[in-house]
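Biologist: I would like a close look at one part of this model, going through its sheets and what packs against them, with every cut-off spelled out where a term comes in.

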Amino acid sequence: MTDVTAPTVVCSRRRTAARIIAVTAAAALLATVAVWIPGVVGTAASVVLPWLGLVLASLVVFAFVRARRTLLLLLVPVLVWLLALAPSAPGFAATADGPTLTVGSQNVRAHSGGAASSAKQVAASSPDVIALIELDGDSLDAARSALDERYPHSYAVGTVGVWSRYPLTSADALTLGLDWKRALRVTVQTPDAEVAVYVLHADSVRPGQQQGRDTMLANLADAVSEDGAPSVVAVGDFNAASADPALGALRAHLDWVRPTDGTLGFTWPAALPLTRIDQVFARGLDVVSSGTVRAGESDHLATVTTFGL
């Protein structure tokens, strides 16, 4: 008598594995494609996007072990994921052949009492310009006490402030469509070049509430598109993950600065960074290096970027 039980069980297990792979791959594909949908869907998908790579990698391993015929099925979601992630992938540093400008930026977390330590620790990276975001009255005073001696040129408005080693030849408060000031523009006069620096504290994003942020990002894109400065830097808390479609208009006018330390540059939450919402954009400058550092008691990591002038 021939025993057909074992082959039948094996075939059943392979079919089950193939179904699991197919359903999970389809879900991963839909989640990846969602990153191109404007609004809340794209915003949520952009946060999840980098972590979908772990799901796809697990599927590839599972398929290799349990159902190799399904490996081709995974080709489409893997390629689509790579395409979606590409604009947010790590970059390569340029060589600094001449003068440089280093810009540090951090959301210091209002009412945390850590603005002074944040300012001092960001300053330990020796940036030429420091931008601090989510300042309240007490934290602004603390930051000034910590920075004014080393950074004699400063400007603050609303919840944002900037400190510079070099003179600021112009300074403007920006509302970017809101009814109060959460952004600014200054011109930093280095010995070698003028650089327009924008500092942004984008409106918060909550379920069903992201219009304020989207308005600010769109208006920032309009502002930099009309800015005649040959060199422009925009830093701050954008409250938008790197692949968020709300950053699309800004990417059309400025280059998104890629982390050069081999990571995706996640900045939030500081205890266990899961996404990058503190962004750096530039135009007319080469990126020498860009990374993140821990500073103070904030729930955001700081970004520190060096540009070749």
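**The sheets and their packing**

Modeller: Six strands, in the order 5-6-7-8-10-9, make up an open sheet with mixed pairing; strands pair if DSSP finds at least two bridges between them. At its edges stand strand 5 (168-174) and strand 9 (255-256), each of which pairs on one side only. The model is predicted, so local features need pLDDT of at least 70 and side-chain atom pairs count only at pLDDT 80 or more, while totals for chains, interfaces and linings use all residues. Residues are numbered from 1 along each chain as its sequence is written, and side-chain values use heavy atoms, with hydrogens and water left out. Strands (E, at least two residues) and helices (H or I, at least four) are DSSP runs numbered from the N terminus.

Within this sheet, seven bridges link strand 6 (residues 183-189) with strand 7 (residues 194-201) in the antiparallel sense, and V186 has V197 of strand 7 as its bridge partner. Helix 6 (residues 211-226) packs on the sheet, where it touches strand 7, strand 8 (232-237) and strand 10 (278-283), and its direction makes about 170 degrees with that of strand 7 (axes are lines fitted to C-alpha atoms, for helices over the stretch in contact, and angles run from 0 to 180 degrees between N-to-C directions).

The largest nonpolar core (buried Ala, Val, Leu, Ile, Met, Phe, Trp, Tyr and Cys residues joined through side-chain atoms within 4.5 Å) has 23 residues, and L200, L220, F238, L250 and F281 have the most contacts inside it. Strand 7, helix 6 and strand 8 each supply at least two residues of this core, and its largest share, five residues, comes from helix 6. Leaving out residues up to four places away in sequence, F281 touches V232, V233, A234, F238, L247, L250, R251, L254, D255, W256 and V257, contact meaning heavy atoms within 4.5 Å. A second, separate core of 21 residues includes L184, V186, V197 and V233.

There is also an open sheet of six strands in the order 3-4-2-1-12-11, again with mixed pairing. Strand 3 (153-157) and strand 11 (286-293) stand at its edges with a single partner strand each, so one side of each has no neighbour in the sheet. From one strand to the next the twist averages 15 degrees. Strand 11 runs antiparallel to strand 12 (residues 302-308), joined by seven bridges, with D286 opposite G308 in strand 12.

Helix 4 (residues 115-123) lies across strand 1 (100-107), strand 2 (129-133) and strand 12, at about 150 degrees to strand 2, whereas helix 5 (residues 137-147) lies across strand 2, strand 3 and strand 4 (160-164), at about 5 degrees to strand 4. The two helices, helix 4 and helix 5, pack at an angle of about 35 degrees with their axes 8 Å apart; A115, A116, A119, K120 and A123 of helix 4 meet S139, A142, A146 and L147 of helix 5.

Q106 lies in strand 1 and is buried, with a relative accessible area of 0% (buried is under 20%, exposed over 50% and partly exposed in between, with a 1.4 Å probe and protein chains only). Its side chain reaches the backbone oxygen of A295 at 2.9 Å. Beyond its neighbours within four places in sequence, Q106 is in contact with residues including S118, V122, A131, A295 and H300.

How values were computed
Polar contact = N/O pair within 3.5 Å; in protein donor to acceptor, adjacent residues only side chain to side chain.
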